[in-house]
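Me: I am new to this structure and would like to understand the terms used for it. Could you take me through the reasoning behind them?

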Amino acid sequence: MTQPMIAPSILSADFARLADEAAIVAGDGGADWLHVDVMDAHFVPNLTLGLPIVESLLKATDIPLDCHLMIADPGRWAPPYAEAGAHNVTIHAEATDNPSAVARDIRAAGAKAGLAVKPGTDIEDYLEILKDFDTLLVMSVEPGFGGQSFIADVLHKAATVRRLVDSGELTLLVEIDGGISMDTIEQAAAAGVDCFVAGSAVYGAHDPAGAVRALREKAATASPHLHLPH
Ligand code: DX5
Ligand code: ZN
């Protein structure tokens, strides 16, 4: 049984109440992962949160943490997130000369390893190393801020990797991040995405848990590669 996965991004949550914000999307039919955007004001122009807050959040929720590191020098800074207990630690392809070496360290520290690519980054340059990763995160906005408009031009990257997964050449989850909403999730699902990050569409909604369910249902109707129970 496979269902579309939804990863609410706490970038759009209330940072002073993160435990409560995690709790409202937890439980049956709720978030599969909680997406945590780490930004360092170097790799991206914005600054958010770091390891101490992730460590606290790990104690406050059972939802697996999907840490998206928009940071320079991930070889140095990424493994501690894995050691702390993050489920998934995703680094940016553009931030290091040797993504596979960082993936190895992340996996050795006990987490799944993800590779993120910015909208302008060519996926063809990274197909060879995707075997070293557990997830590919296709950015559908420029990293740095929530609430931006979805860039549909990136969907061919998801479709390319979906084909490689379906043909058995690769084993990894295809994740998309940026501008995912009730209006855009179907096109991403149709391109073969497995996991959908949604910040403003979840935490900007009156009923965040309801928004997670609605997004998953909408993705399910448009996901040709997922075989859904009814
Ligand atoms: C942007 C972040 C996203 C962001 C998505 O740099 O990586 O995870 O929270 O927010 P929405 O869903 O509002 O585009
Ligand atoms: Zn993100």
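Reply: One term is needed at the start: strands are DSSP runs of at least two residues, numbered from the N terminus. The model shown is predicted, and the largest share of the shell around ligand 1, three residues, comes from strand S2.

Me: What makes a residue part of the group that surrounds ligand 1, and how many residues surround it?

Reply: A residue is near a molecule if one of its heavy atoms lies within 4 Å of it. There are 20 residues that surround ligand 1, and the closest are Gly144, Asp177, Gly179, Gly199 and Ser200.

Me: Why is the pairing of ligand 1 with aspartate 177 called a polar contact?

Reply: A polar contact is a pair of N or O atoms within 3.5 Å, and an oxygen atom of ligand 1 is 2.7 Å from an N or O atom in the side chain of aspartate 177, so the pair meets the cut-off. With glycine 144 the partner is a polar backbone atom, 2.7 Å from an oxygen atom of ligand 1, and a polar backbone atom of glycine 147 is 2.8 Å from an oxygen atom of ligand 1. Taken alone, ligand 1 exposes 380 Å², of which the protein buries 100%.

Me: What is known about the pocket where ligand 1 sits?

Reply: The space taken by ligand 1 is the largest pocket, which has a volume of about 240 Å³. Its lining comprises 24 residues, with Phe145, Gly146, Asp177, Gly178 and Gly179 nearest the centre.

Me: What makes ten residues of this lining polar?

Reply: Residues outside the nonpolar and charged lists count as polar, Gly among them. By that rule the lining of the largest pocket divides into eleven nonpolar, ten polar and three charged residues.

Technical notes. Residues are numbered from 1 along each chain as its sequence is written. Chains are lettered from A and ligands numbered from 1 in the order in which they are written. This is a predicted model: local features need pLDDT of at least 70, side-chain atom pairs count only at pLDDT 80 or more; totals for chains, interfaces and linings use all residues. Side-chain values use heavy atoms; hydrogens and water are left out. A polar contact is a pair of N or O atoms within 3.5 Å; within protein, one must be able to donate a hydrogen and the other to accept it, and residues adjacent in sequence count only if both atoms are side-chain atoms. Accessible areas come from the Shrake-Rupley method with a 1.4 Å probe; for residues, only the protein chains shown count as cover. On a 1 Å grid over the protein atoms alone, a cavity is a set of points where a 1.4 Å probe fits but cannot get out, and a pocket is an open set with protein on both sides within 12 Å along at least five of seven lines; lining residues have an atom within 4 Å of a point. A molecule sits in a cavity or pocket if more than half of its atoms lie within 2 Å of its grid points. Helices (H or I, at least four residues) and strands (E, at least two) are DSSP runs, numbered from the N terminus. Grid points are joined across faces, edges and corners, and a volume is the space filled by probe spheres set on the points.
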